[in-house]
Amino acid sequence: MVDTNMRLISMLGLLTIIVIISLLFDYLRILKRPVRLGLGVAVLGIVVGFILTLNAVLPANHFYGPVFSESRTSQKLVALTFDDGPYPPYTGQVLDVLKERNIPATFFVIGQNAAKYPELLRRIVAEGHQLGNHTYNHVDLLKLDRQGIIAEIEKTNQVIAAAVGYPPHVMRPPHGFRDAVVMDAMAEKKLKVIEWSVASRDWVNPGAEVIAERTLGKVQNGSVILLHDGDGIAAALPREQTVAATRIIIDKLLAQGYTFVTVDEIRKMSEE
Ligand SMILES: [Zn+2]
């Protein structure tokens, strides 16, 4: 965990300058003896930049602050999470599948979609599911300043609270991207950052069977499964494959003895 408010992009910019200067020094033979120090620093700079970037985009890394991506538990528990809704008719269809099997899930909703369909938010809550904040405009938070990040979060929390009576206490950054400033802003807003441990790239619609197969191949005790009932703010792609895959995933995992819980419930199960 880093205790700096430097943005990822600033750190990468600084590293790029260091790499260029180091290579220049190496070329001019200024830092060439006794070893090629300039070249060494340049290579180190590239490696550090790569590591910093990986930590901002990989869902299970804690370098910029604590995120939740799965539970360490010996119990056969699993959490389904759906991003980018509400998005008719698919959010309703996902809710139908969950209702038929009496399965709870967690929905990370986009603020501007939530503002359009508050009745779907009320249905999500009425049927026992958890709501999370997925920003207002589904923007990459690494591209916003601190004020912009806070605005995305607050606006969405207001829309959710207006629809269901209370704001969520969990959030998922779009694409999972975060850095020190994003994490610090979430801590200030008292929002837990939730990532995932099982993704199937359902957002590119590879086929329901493929989505289900990829998901089932990775699920273990305490997994947090990422699926999409929406399509960002574009709302262009259909999500019937995810709806069909959800049905297969639930039935297969129930047959294997898994119990489905919300993100809050699976977070409590961490045996550390
Ligand atoms: Zn998303």
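Buried residues account for 49% of the 272 residues in the protein chain. The model is a predicted one, and its protein chain contains 10 helices and 8 strands. Along the principal axes, the C-alpha trace spans about 70 × 40 × 40 Å. Of the contacts between residues at least 6 apart in sequence, 76% join residues at least 24 apart.

The domain assignment divides the protein chain into domain 1, residues 8-57, and domain 2, residues 77-268. Their C-alpha centres are 38 Å apart. To the contact between them, domain 1 contributes 4 residues and domain 2 contributes 6 residues.

The size of an interface is often expressed as the accessible area lost when the parts come together. For domain 1 and domain 2 this buried area is about 420 Å², with 51% of it on carbon and sulfur atoms. On the side of domain 1, the residues that lose the most area to domain 2 are Leu 8, Ala 56 and Val 57, which together make up 81% of what that side buries. Helix H2, residues 37-57, supplies 3 residues, the largest share of the side of domain 1 that touches domain 2. As for polar interactions, the count between the two domains is 2 residue pairs in polar contact, both at pLDDT 80 or more. The rule finds 0 salt bridges across this interface.

The description now turns to the interior. In soluble globular proteins, nonpolar side chains tend to be buried together. Here the largest nonpolar core has 37 residues, and the members that touch the most others are Leu 80, Leu 98, Phe 107 and Ile 225. Several elements each supply at least two residues of this core: the strands are S1 (77-83), S2 (106-109) and S7 (223-228), and the helices are H3 (90-101), H5 (118-126), H6 (146-164), H8 (208-218) and H9 (240-255).

Leu 98 offers a detailed view of the packing around one of these members. Leaving aside residues up to four places away in sequence, Leu 98 touches Leu 80, Phe 82, Ile 103, Ala 105, Phe 107, His 129 and Ile 250. Among these partners, Leu 80 and Phe 107 are themselves listed with Leu 98 as touching the most other members of the core. A second core, separate from this one, comprises 21 residues, including Met 11, Val 67, Ala 180 and Met 183.

Key. Residues are numbered from 1 along each chain as its sequence is written. Side-chain values use heavy atoms; hydrogens and water are left out. A nonpolar core is a set of buried Ala, Val, Leu, Ile, Met, Phe, Trp, Tyr and Cys residues joined through side-chain atoms within 4.5 Å. Buried means under 20% relative accessible area, exposed over 50%, partly exposed in between (1.4 Å probe, protein chains only). Helices (H or I, at least four residues) and strands (E, at least two) are DSSP runs, numbered from the N terminus. Contact means heavy atoms within 4.5 Å. Domain bounds come from an automatic or database domain assignment. Buried area is the accessible area (1.4 Å probe) that two parts lose on being put together, summed over both. A salt bridge is a side-chain nitrogen of Lys or Arg within 4 Å of a carboxyl oxygen of Asp or Glu. A polar contact is a pair of N or O atoms within 3.5 Å; within protein, one must be able to donate a hydrogen and the other to accept it, and residues adjacent in sequence count only if both atoms are side-chain atoms.
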